[in-house]
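The following exercises concern cysteines, salt bridges and nonpolar cores. Each task is followed by a worked solution.

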Amino acid sequence: NEEHEYVAYIAKINKGKIANCINHGSVEHNGKEANKEVMIGAIAACNHNIIYCCVNTGAISSRINFSNKAGGKSVRMGGIAGTCHGEGVVKGTTISRCVNTGNVSFMGDYPNNNIGGIVGASPKTTVKNCVNRGNVVAEGMPFAGKQKPTSRVGGITAFSSSDVVSCDNFGVVSVSGSHASTIGGICARINSGRTMVDCVNYGKISANTSGKTLAGGVFGETSRPVHISQCYNYAEVVGESAEGMNFCGGFAGAISLGKNPTGSYFRDCANYGNVTNKSTKSKSATGGFVASCRGYAKDNLPVTIRDCAN
């Protein structure tokens with residue numbers, strides 16, 4: 001009868017410090033007619049403070065059948081933590097020096113899905129010195145509600161509005177089904193003027209959805225001012241679907257500013273992987289570094305890409 005649904009081995013909500021913990025058990029979550037926020041992680045479902053030097057080797061999976069009462073609800077799941085949000089999150093909240101080797105997989109028709117190798121969503125948490133070696137997979141099933149469903153899938157985190165520093169992904173990152181999707185080797189979507197530095201993706205990026213897809217070797221999308229440097233992709237990026245509108249880039253799928261007051265900056269970054277886009281849609285885009293990039297012309301705010309390579 002709780003407002004949210006929490007699934008984890010060590011802590012439902014961590015408000016202290018979890019350090020040097022190892023989980024080898026698998027998590028299999030099934031929700032029928034679910035109508036809550038769902039948070040799933042091997043170490044903690046929801047992190048409000050510090051998770052340090054923890055390891056997960058167990059597989060984590062969730063299959064959810066949507067209830068029409070769950071409009072706007074989301075699934076947030078990761079190999080270490082499900083999410084880091086809500087009241088009580090302290091300043092300086094971090095997930096650091098953690099390793100996930102277990103596969104993380106989701107199938108369902110929930111309207112908002114955030115699936116990550118380390119953490120599903122990290123809007124208020126810095127993620128640093130973490131490594132993911134498990135495959136991260138999401139399949140969005142047909143959705144009957146009015147809301148347009150979205151799946152975000154990232155090798156480290158699916159959604160971040162905090163810094164991501166010195167993280168590596170080795171697992172395959174893939175999304176399929178009918179949802180609009182954002183997918184990236186390190187992070188699916190980056191928000192709110194954050195910094196990403198010294199991150200490397202080695203895992204293949206594969207998107208095969210009938211909805212709009214934003215796919216990148218390092219990140220899928222940002223529509224906020226961000227600063228990114230010394231990040232690299234070494235893996236293949238593939239937009240498999242012919243019927244979906246795909247934006248596929250070796251480094252990033254789409255970069256934009258909206259109406260934000262500052263610009264975005266990318267420096268000393270590179271893509272070494274092949275990029276393939278099989279979409280037949282006329283507005284699809286493909287790029288060795290980024291598929292779509294635009295600043296904010298009204299206020300002459302730029303997106304600067306400097307000393308980068310494909």
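**Exercise 1.** Determine how many disulfides the structure holds, and examine Cys 54 and Cys 187.

*Solution.* Step 1. A disulfide is a pair of cysteine sulfur atoms within 2.5 Å. By this criterion the structure holds 0 disulfides.

Step 2. For Cys 54, the closest cysteine sulfur belongs to Cys 21 and lies 4.7 Å away, which is too far for a bond. Cys 54 is buried, with a relative accessible area of 0%; buried means under 20% relative accessible area, exposed over 50%, and partly exposed in between, with a 1.4 Å probe and protein chains only.

Step 3. Cys 187 is likewise in no disulfide, the nearest cysteine sulfur, in Cys 199, being 9.4 Å away. Cys 187 is also buried, its relative accessible area being 0%.

A note on the basis of these solutions: the model is predicted, so local features need pLDDT of at least 70 and side-chain atom pairs count only at pLDDT 80 or more, while totals for chains, interfaces and linings use all residues. Residues are numbered from 1 along each chain as its sequence is written, and side-chain values use heavy atoms, with hydrogens and water left out.

**Exercise 2.** State how many salt bridges a search of the whole structure finds, and describe the one between Glu 221 and Arg 189.

*Solution.* Step 1. A salt bridge is a side-chain nitrogen of Lys or Arg within 4 Å of a carboxyl oxygen of Asp or Glu. The search finds 5.

Step 2. In the pair Glu 221 and Arg 189, the N to O distance is 2.8 Å. Glu 221 lies in strand β32 (residues 219–222) and Arg 189 in strand β27, so the salt bridge ties together parts 32 residues apart in sequence. Strands (E, at least two residues) are DSSP runs, numbered from the N terminus.

Step 3. Both partners, Glu 221 and Arg 189, are buried.

**Exercise 3.** Which residues are linked in a network of salt bridges?

*Solution.* Step 1. Arg 267 pairs with Asp 307 at 3.5 Å between the closest N and O atoms. This pair links distant parts of the chain, 40 residues apart: Arg 267 is in strand β38 (residues 264–267), and Asp 307 is in the segment after β43 (303–306).

Step 2. Asp 307 also forms a salt bridge with Arg 306, at 3.8 Å.

Step 3. Relative accessibility is 30% for Arg 267, 48% for Asp 307 and 42% for Arg 306; each counts as partly exposed.

Step 4. The network comprises Arg 267, Asp 268, Arg 306 and Asp 307.

Notes. Helix = DSSP H or I, 4+ residues; strand = E, 2+ residues; numbered from the N terminus.
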